[in-house]
Amino acid sequence: MENQEEKNSLEEIFKKEIAKNKKELTKEEIKKLTEEARESIDFLKKIDEIELPKDKYVIFTDGEEQLFYENGEFYIISATDSTKTKKKKTKKEATDLYLNFFIKYQLNPILDLRNRKERNIEQKQKENKQKIAMAKKTLGIDKKKETQSKAKEEKSQQKDSQKKIEKDDISL
């Protein structure tokens, strides 16, 4: 019953969102939002279809707490102190706890790793740009020195040629 109400409320939320943005959305965007709504609803349906075993078992341990399943009920128990009492959780609360656990310990490390790789790539690109800039600067300085020395050589050659011309003029 709760799931049907949740499904209806999700449908209503998506319909309101589509109606609110109808002028701004294209047919493709509306179709995409509708598909997204169906996937969300299907996901909730799939969660309800999962058959839980009848045995006792620990679903996950997060720090000093564990999500524990026993006889169709979910509990939060202490992983370090057996004298603490169990705290009963509903199936929805247990699902939320597990999703938080999964995001924290499975997805976030993957995203962090990808972000680190992206940062490393960006850092290498910056370093390469700096190296290129330094090389250009160095080459620029070398080119300036080279052009200055060529200019000096040309001036000295011009002076030499002028001296030859003067000598030739004097000898005539």
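Two residues are in contact when they have heavy atoms within 4.5 Å of each other. Keep that handy for the exercises below, and remember that this is a predicted model.

**Exercise 1. Get your bearings: how many helices and strands does the protein have, and what pattern do they follow along the sequence?**

Solution.
- Start by counting: the secondary structure comes to three helices and four strands.
- Now read along the sequence, and the pattern you get is α-α-β-β-β-β-α.
- Next, check the confidence. The protein averages a pLDDT of 75, and 70% of the residues score at least 70.
- Confidence varies between elements: helix α1 (residues 2–20) has the lowest mean pLDDT, 65, while β4 has the highest, 90.
- Finally, look at the surface. Buried residues make up 12% of the 172 residues, and the protein exposes about 15200 Å², with carbon and sulfur atoms supplying 53% of that area.

**Exercise 2. Work out which strands pair with β3, and in which sense.**

Solution.
- Take β2 to begin with: β2 and β3 pair in the antiparallel sense over six bridges.
- To place one pair of residues, find Leu-67, which stands opposite Ile-76 in β3.
- Then turn to β4, residues 87–89: this strand pairs with β3, again in the antiparallel sense, over three bridges.
- Here the pair to look for is Tyr-75 with its bridge partner in β4, Lys-88.
- So how enclosed is β3? Five of its six residues are buried, so β3 is largely enclosed by the rest of the structure.

**Exercise 3. Find the residue with a positive phi in the turn between β2 and β3, and decide whether it is buried or exposed.**

Solution.
- β2 and β3 form a hairpin, with two residues between them.
- Asn-71 lies in the loop that links these strands.
- Its phi is near 50°, a positive value in a residue other than glycine.
- What makes that worth a second look? Most residues other than glycine have a negative phi.
- For the second part, the cut-off for exposed is over 50% relative accessible area. Asn-71 has 59% relative accessibility, so it counts as exposed.

**Exercise 4. List the residues of the largest nonpolar core and say which elements give two or more of them.**

Solution.
- The core has seven residues: Phe-60, Leu-67, Tyr-69, Phe-74, Ile-76, Ala-94 and Phe-101.
- The elements giving two or more residues to this core are β2 (65–70), β3 (73–78) and α3 (91–171).
- Try following one member outward. Setting aside neighbours within four places in sequence, Ala-94 is in contact with Leu-67, Phe-74 and Lys-89.

**Exercise 5. Glu-70 and Ser-78 both sit in strands: which residues do they touch, and are they buried or exposed?**

Solution.
- Begin with Glu-70, in strand β2. Buried means under 20% relative accessible area, and Glu-70 is at 13%, so it counts as buried.
- Beyond its neighbours within four places in sequence, Glu-70 is in contact with Lys-56, Tyr-75 and Lys-86.
- With Lys-86 there is a polar contact between the two side chains, at 2.7 Å.
- Move on to Ser-78, in strand β3. With a relative accessible area of 16%, Ser-78 is buried too.
- Its contacts, leaving aside neighbours within four places in sequence, are with Glu-64 and Lys-84.
- The side chain of Ser-78 also has a polar atom 3.3 Å from the backbone nitrogen of Thr-80 and one 2.9 Å from the backbone nitrogen of Asp-81.

**Exercise 6. Describe the surroundings of Lys-87: where does it sit, how accessible is it, and which residues does it contact?**

Solution.
- Lys-87 belongs to strand β4.
- At 48% relative accessibility, Lys-87 counts as partly exposed.
- Compare sequence with space: Lys-87 and Ile-77 are ten residues apart in sequence, and their C-alpha atoms are 6.6 Å apart.
- Once neighbours within four places in sequence are left out, Lys-87 is in contact with Glu-65, Phe-74, Tyr-75 and Ile-76.
- For the wider view, take contacts in the protein between residues at least 6 apart in sequence: 27% of them join residues at least 24 apart.

Definitions and conventions
Residues are numbered from 1 along each chain as its sequence is written. This is a predicted model: local features need pLDDT of at least 70, side-chain atom pairs count only at pLDDT 80 or more; totals for chains, interfaces and linings use all residues. Side-chain values use heavy atoms; hydrogens and water are left out. A nonpolar core is a set of buried Ala, Val, Leu, Ile, Met, Phe, Trp, Tyr and Cys residues joined through side-chain atoms within 4.5 Å. Buried means under 20% relative accessible area, exposed over 50%, partly exposed in between (1.4 Å probe, protein chains only). Two strands pair if DSSP finds at least two bridges between them. A polar contact is a pair of N or O atoms within 3.5 Å; within protein, one must be able to donate a hydrogen and the other to accept it, and residues adjacent in sequence count only if both atoms are side-chain atoms. Accessible areas come from the Shrake-Rupley method with a 1.4 Å probe; for residues, only the protein chains shown count as cover. pLDDT is the predictor's confidence in each residue, from 0 to 100.
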